[in-house]
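Dear colleague,

I am passing the structure below on to you, since you have not worked with it before. Please look through it first, and then read the notes that follow.

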Amino acid sequence: MEKYINSFIDVIRLYAEEDKIYRDYAIKCGLSVTSFWILEALYREKRPLSQKEICDELVRFPKQTVNSAVKKLIEDLFIVQKPVANAKNSKALELTESGMAFCDKHMALLIKAENSAYAQLTEEEQNKYIEHFKLMNEKRKKELGL
């Protein structure tokens, strides 16, 4: 059992290290971590997104935290909110021209770095990485009754 506990502590440290890489890059870009992930999601998805989509599917932050970051991004002219057709009280977030320019500079570099790092893995390593990640998430959900 001790071996497994120590191995899992290593996994937790790796997740923390990964989070720190993104946090440090967000700070380097002059953004909060939440704002960083909102812009990253909008840039990567290349389409307007609702706050619900961002909270539920793309960003790991509570709705109120995302809402506060959205207000700041609107204030800083990085994004705009637009009504969604045929959806009562629903608004989509979209990059502004200045938001797109910012993302073209900072998020494009991030995506390039991620793709380059991933491409350095062999195809077998890429497949194992994805398989293990999916498997751990499935096991966690089962153990937590989710």
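**Helix packing, overall layout and the largest pocket**

In this structure, α3 passes α4 in a right-handed crossing. Please keep in mind throughout that the model is a predicted one. The two helices, α3 and α4 (residues 63-75), pack with their axes 10 Å apart and at an angle of about 130°. Because angles that are neither under 35 degrees, over 145, nor from 65 to 115 count as oblique, α3 is oblique to α4.

To place these helices in the whole, the protein contains six helices and three strands, and its elements follow one another from the N terminus in the order α-α-β-α-α-β-β-α-α. The C-alpha trace spans about 50 × 35 × 25 Å along the principal axes of the protein.

The largest pocket holds about 1,600 Å³ of space, and its lining is made up of 36 residues, with Glu18, Tyr22, Glu114, Tyr129 and Phe133 lying nearest the centre. The elements that contribute two or more residues to this lining are α1 (2-28), α2 (33-45), α3 (51-58), α5 (97-119) and α6 (123-144), so that α3, described above for its packing with α4, appears again here among the elements that line the pocket. Sorted by class, the lining residues of the largest pocket comprise 21 nonpolar, three polar and 12 charged ones.

One of the elements lining that pocket, α6, can also be described by its length: it has 22 residues and reaches 32 Å from its first C-alpha to its last, which is close to the 32 Å expected at 1.5 Å a residue. After α6 comes Gly145, a residue whose phi is positive, near 70°.

With best wishes

Methods. Residues numbered from 1 in each chain as written. Predicted model: local features only at pLDDT ≥ 70, side-chain atom pairs only at ≥ 80, totals over all residues. Heavy atoms only, no water. 1 Å grid on protein atoms, 1.4 Å probe; cavity = no way out; pocket = protein on both sides within 12 Å on 5 of 7 lines; lining within 4 Å. Points joined across faces, edges and corners; volume = space filled by probe spheres on them. Helix = DSSP H or I, 4+ residues; strand = E, 2+ residues; numbered from the N terminus. Nonpolar A, V, L, I, M, F, W, Y, C, P; charged D, E, K, R; others polar. Expected span 1.5 Å × (residues − 1). Axes fitted to C-alpha atoms, helices over the stretch in contact; angles between N-to-C directions. Left-handed = near helix turned anticlockwise from the far one by under 90°.
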